[in-house]
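Biologist: I'd like to learn how to read a chain interface and a set of cysteines straight from a model. Could you walk me through it?

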6 protein chains.
Amino acid sequence: MTNATDDFHREREELNELVLSRGGKITKRFFNIDTQVYDEGRLPGRFKELLGLVASTVLRCEDCVTYHVLRCSEEGVEEEEFYEAMEVALVVGGSVVIPHYRRAARLWDELQRKGGRQ
Amino acid sequence: MTNATDDFHREREELNELVLSRGGKITKRFFNIDTQVYDEGRLPGRFKELLGLVASTVLRCEDCVTYHVLRCSEEGVEEEEFYEAMEVALVVGGSVVIPHYRRAARLWDELQRKGGRQ
Amino acid sequence: MTNATDDFHREREELNELVLSRGGKITKRFFNIDTQVYDEGRLPGRFKELLGLVASTVLRCEDCVTYHVLRCSEEGVEEEEFYEAMEVALVVGGSVVIPHYRRAARLWDELQRKGGRQ
Amino acid sequence: MTNATDDFHREREELNELVLSRGGKITKRFFNIDTQVYDEGRLPGRFKELLGLVASTVLRCEDCVTYHVLRCSEEGVEEEEFYEAMEVALVVGGSVVIPHYRRAARLWDELQRKGGRQ
Amino acid sequence: MTNATDDFHREREELNELVLSRGGKITKRFFNIDTQVYDEGRLPGRFKELLGLVASTVLRCEDCVTYHVLRCSEEGVEEEEFYEAMEVALVVGGSVVIPHYRRAARLWDELQRKGGRQ
Amino acid sequence: MTNATDDFHREREELNELVLSRGGKITKRFFNIDTQVYDEGRLPGRFKELLGLVASTVLRCEDCVTYHVLRCSEEGVEEEEFYEAMEVALVVGGSVVIPHYRRAARLWDELQRKGGRQ
């Protein structure tokens, strides 16, 4: 785990707490289904993470891409699978996807080197 | 196959021909990679179609959703897998995804009934 | 109520039933919060419908705009309020919003004439 | 001019009148700058129409694309220029642009055949 | 007012001046209507700010969200109203809205504590 | 050239190398057409850069806007042309385009002052 990743998680957790304590029941229910939708089902959990990664990438949500790259790595997605999924996002979403593709690749690379998954 | 599906394919083919005969080399190359990106790879072809379906759905491209629903059905995607993927699209993309989800479900339903795949 | 409006509601209901019977629990929960979020709260229900209308318009979801125009009319939104909200959507979302603005205005006009709300 | 084009213009004009008569001053001012921005300037009018066409295409606004294809044809844009601009839109916006590219090419083709501009 | 808020305003003002001095009349007119559209009308000014906040949030424009959170706070929007509006944005725009929701909540929280509005 | 510009180019090149060395053939082919599409053609290269700038601006891709502002300046686009193009983007894309317009204007200004192109 990189320090940048630690910071990302810490800030994310702190702000999720703020939002969940101040927001109403809709916020809580949305956050619940936002977790449950990636649960192992008929589709394996790691494939659902790849779906989330591609959806976040074509919608160009930086924090969402970071989150799903981390999750994909934790779920044991292989490097080739990661790049094949990003290429679908690239073709569907066009060249505006490239900045996100670049940063996702950098994070993926850092995670593999730290984790010895290479 | 429904008649609506036949019409969709016919119009699509006719206009693709027009675009490819009048457009330049960029058009041809883009269309080529738009086919190749869904080829069987480390990820199975049917998973790639699901990635294309989810990407098209969150970007709310009606013709693209129709096309990927047809391709998912041809590739033997199961009903539960189809709905799990659409639910990821729904949560990531929000309620503006619902009209596309509804029409994708109707087309999926027609295809399963015709094809006896139920 | 116009016939077009009846057809819109009928098709919407039929497909919602399909989606809810075939989709999983995520679908049901999402549909629930998609209803609850517009409930009367600290903000009046009619103002929440205007928020939904503006959000749908800048995201350019045709069916969503139709739905929220109908709901705004049912909730007793006044004509001036409707147009002021659409103008916020126009300025925030730019000229690509105009086709939706035009069709929303036509539907609003039909609803006021039928309903005698003018 | 095709009949479909006549219908497009007629409906557009009727609804613009409705919107301008019911909406407030923001609507009028926005519509004014939406016309003025395409006026001949340091950039020739036909280049500005191509800018409008590409912007509308990557944002995937069907009516806007139709309108700018008509305007490009009226302004004497050449076929090669039209396709080069659409290819920029295709690469920037990705495969979700293709359905709009196809329909724009069909309309362009009809206009050139009617107008003998081939 | 936080220092971050001061910096945000200063940079915004400096760059607005640059854009207005170098750009043409379209820029000036657009900036004018971008101010006027939030003026008190049939809808109260604070409701219009909430409309602007929700529109900016679903379109995921970070600077626009920051601006409208500041304006909502200045206009005396209540905390519950703020969260109810953000929940509409969350449901309409999906989980890609969450990073903006989190940062908007943090800014809102800072503003309330400084302003003693709690 | 500013230092910020140097950093932008260096990081961009490093990450492009990473992506091209790890990604598959789709990545390479996409990157190729993403270069070729801006080549001098029937439309002059500088006008294609303006098309790319407007497309990137309405899609609100920060890195893409930065890149095309640099390229427009290198291609000898004039200040009035730059602003006329940005105004088309502003009207088509709405007020959410403004933060990108502001930063593009700042970069343009820096480039003209360094380059003595004023």
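**Cysteines and a chain contact**

Modeller: Let's start with one pair: C61(A) and C64(A) are both buried. Keep in mind that this is a predicted model.

Biologist: What do C61(A) and C64(A) form?

Modeller: First the general idea: a disulfide is a covalent bond between the sulfur atoms of two cysteines. Here, C61(A) and C64(A) form one, with their sulfur atoms 2.0 Å apart.

Biologist: And how do I read the hand of that link? Is the link of C61(A) and C64(A) right-handed or left-handed?

Modeller: You look at the torsion about the S-S bond. For C61(A) and C64(A) it is 60°, and the link is right-handed.

Biologist: Let's move to chain B. Which cysteine does a disulfide join to C61(B)?

Modeller: C64(B) is the partner, at 2.0 Å from S to S. The torsion about the S-S bond of C61(B) and C64(B) is about 60°, so this disulfide is right-handed.

Biologist: Are C61(B) and C64(B) buried or exposed?

Modeller: The cut-off you need is that buried means under 20% relative accessible area. C61(B) has 4% relative accessibility, so C61(B) counts as buried. C64(B) has a relative accessible area of 9%, so C64(B) is buried too.

Biologist: What about chain C?

Modeller: A disulfide joins C61(C) to C64(C), again with 2.0 Å from S to S. With 60° about the S-S bond, the link of C61(C) and C64(C) is right-handed. As for accessibility, C61(C) is buried at a relative accessible area of 4%, and C64(C) is buried at 10%.

Biologist: How many disulfides does a search of the whole structure find?

Modeller: Six, over all chains.

Biologist: Now a cysteine outside those pairs. Why is the sulfur of C72(A) too far from the closest cysteine sulfur for a bond?

Modeller: Here you check the distance. A disulfide needs sulfur atoms within 2.5 Å. The closest cysteine sulfur to that of C72(A) is in C64(A), and it is 13 Å away, so that is too far for a bond. C72(A) is nonetheless buried, at 0% relative accessibility.

Biologist: And C72(D), how far away is the nearest cysteine sulfur?

Modeller: It is 13 Å away and belongs to C64(D); C72(D) is in no disulfide. C72(D) is buried as well, with a relative accessible area of 0%.

Biologist: On to the interface. How many residues of chain B are in contact with chain A?

Modeller: Begin with the head count on each side: 28 residues of chain B are in contact with 29 residues of chain A. Then take the area: about 2,500 Å² is buried between chain B and chain A, and carbon and sulfur atoms give 77% of it.

Biologist: Which three residues supply 26% of the area that chain B buries against chain A?

Modeller: R42(B), L51(B) and V91(B), and that is more than any other three residues supply.

Biologist: How many salt bridges are there between chain B and chain A?

Modeller: Four. In one salt bridge, the side chains of E84(A) and K48(B) meet, at 3.6 Å from N to O. The two chains also have six residue pairs in polar contact, both residues at pLDDT 80 or more.

Biologist: Which elements give two or more residues to the side of chain B that touches chain A?

Modeller: In chain B, they are α2 (25-36), α3 (45-58) and α5 (79-93). By residue type, the side of chain B that touches chain A divides into 16 nonpolar, four polar and eight charged.

Notes:
Residues numbered from 1 in each chain as written. Chains lettered and ligands numbered in written order. Predicted model: local features only at pLDDT ≥ 70, side-chain atom pairs only at ≥ 80, totals over all residues. Heavy atoms only, no water. Contact = heavy atoms within 4.5 Å. Buried area = accessible area lost by both parts, 1.4 Å probe. Polar contact = N/O pair within 3.5 Å; in protein donor to acceptor, adjacent residues only side chain to side chain. Helix = DSSP H or I, 4+ residues; strand = E, 2+ residues; numbered from the N terminus. Nonpolar A, V, L, I, M, F, W, Y, C, P; charged D, E, K, R; others polar. Buried < 20%, exposed > 50% of the residue type's maximum accessible area, 1.4 Å probe, protein only.
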